[in-house]
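Trainee: I should like to learn how to read a strand-rich fold, beginning with the whole chain and ending with a single sheet. May we look at the model together?

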Amino acid sequence: PDRMSMAGHEHAHAGDTAASQSVSVAELTGPRTGTPDRSFTLEAKKTTMTLPSGEKKEAWTYNGQLPGPELRVKQGDLVEVTLINTDIDAGVTIHWHGVDVPNAEDGVAGMTQDAVMPQEKYVYRFIAEQAGTNWYHSHQQSSKQVQMGLYGVFIVEPDTTLPRQTADLAVVLHDWQAENGTSVSLGQLNRLQRKTAEPGTLVRLRLVNAGNSRAPIYISGVPFQVAAIDGTDIHEPADLSDSRLELAAGGRTDVTFVMPDTAVGLSRQTGPFVQDGNVLVISPSNGGMPPDAVKGSVFDPASYGTPMRTKFGPGTRYDRNYKLVFDNRLGFYNGTFTFVQTINGRVFPDAPMFKVREGDLVKMSFANRGFDDHPMHLHGHHIQVLSRNGKAVAGSPWIADTLNVAPGETYEVAFVADNPGIWMDHCHNLDHAAVGMSAHLVYE
Ligand code: C2O
Ligand code: CU
């Protein structure tokens, strides 16, 4: 009943903005009826957490956990999530980052729904169509609320039974911002995490970067494969060793390997594995420590895996062609004189609207003329990377929903406009999004 009353409002709102008369309500919402295959309740509330120093800090959490509960569903499941806000004053939502849900389930406060205020609740319903590693977070005052802890992992397991002896582990990276300005990584907060996997076990690590900056990840002690990026499988991945992964803020990378006889380590820094400061050690039950993490070369998704045919090729005719230039300048934003982050010279809400019709093939090019990384996140869609710095992607199709555009880089990407509604397209350095770097994709 809550959802029904909210839904009327959402559609009026989306309709006003997107003028999407040709789109039916059913296309914009998840299934209203039907018994969910999986249901969860997430309660947003303030919690006290203890730093490694013993100092106590306020965190904002789902269900009192940091990160929030790890939600796992199967591909094809009808998922129902009830969000209850206990005491987060500014209101909260849940955005399903990486899941191409119908527009009304997307959790963007002020756009697809109103923020859920203290003592209110809201129900999300959608079908988990694609298997993969995703995450969820509040999309109300996101830069503050995600930093304070309102996020968790959302995994859609494939509909097939996994090979036996699989250890499937999610690892979330996040820098928790203490009030005094020092940031503390979750790895540090949890001290060293240790897991056990017996030799021969297939290990799948689902790495999620919930922080605001690109995170280097060093894997030591085993050759590994990158199985998926942003929840989409790599076609015929090859073995890598001593490669350094660079996880885009908001991005996910799945890594697989066969557990050797000795320990494997995953670290955010080079050097020996120590009690603090690393992320994860996986060892056989007889213990041991991994070899030192070494710098290695950067893993490059543009030339990894095996090419295969996709909808987009050199001869593709695009219905829309949009160019986005990212930059920064000094300016006023929300009454403060600050560095603003711009798209085509403009800041939200004056940033350009990218209009599409359902079924369009859309090409976008990105150019970063600023001096910060801009991990660009498009809601509701996955993009295929066509080229970087003028050079075509040569490996597996590289599909992403959060693409890190480094200073000086250019990209061309393409996607099919197949999910009607109004969608955010913004930088997932959420501090940049909060000073202007947000735009909309709008179906007309
Ligand atoms: Cu992960 Cu618009 O957000
Ligand atoms: Cu940015």
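Mentor: Let us begin with burial, bearing in mind that this model is predicted. Of the 444 residues in the protein, 47% are buried.

Trainee: How many helices and strands does the protein have?

Mentor: There are five helices and 33 strands. As for contacts between residues at least 6 apart in sequence, 75% of them join residues at least 24 apart.

Trainee: Where does UniProt place the feature "domain: Plastocyanin-like"?

Mentor: The UniProt record, an unreviewed entry, puts this feature at residues 45-159 and 338-443. Over residues 338-443, strand accounts for 54% of the chain and helix for 4%, while the end C-alpha atoms lie 33 Å apart.

Trainee: How should one read a sheet in general?

Mentor: Backbone hydrogen bonds pair the strands of a sheet, in either a parallel or an antiparallel manner. In this structure, one open sheet contains five strands in the order S24-S33-S32-S26-S30, and its pairing is mixed.

Trainee: Why is one side of strand S24 and of strand S30 left without a neighbour in the sheet?

Mentor: Strand S24 (353-356) and strand S30 (402-405) are at the edges and have a single partner strand each, so one side of each has no neighbour in the sheet. From one strand to the next, the twist averages 20°.

Trainee: How many bridges join strand S26 to strand S32?

Mentor: Three bridges link S26 (residues 374-378) with S32 (residues 422-427), and the two strands run antiparallel. Within this pairing, Met 376 has Cys 427 of S32 as its bridge partner.

How values were computed. Residues numbered from 1 in each chain as written. Chains lettered and ligands numbered in written order. Predicted model: local features only at pLDDT ≥ 70, side-chain atom pairs only at ≥ 80, totals over all residues. Pairing = 2+ DSSP bridges. Axes fitted to C-alpha atoms, helices over the stretch in contact; angles between N-to-C directions. Buried ≥ 20, exposed ≤ 12 C-beta atoms within 10 Å, placed from the backbone. Contact = placed C-beta atoms within 7 Å. UniProt positions renumbered as here; feature names shortened; annotations may be inferred.
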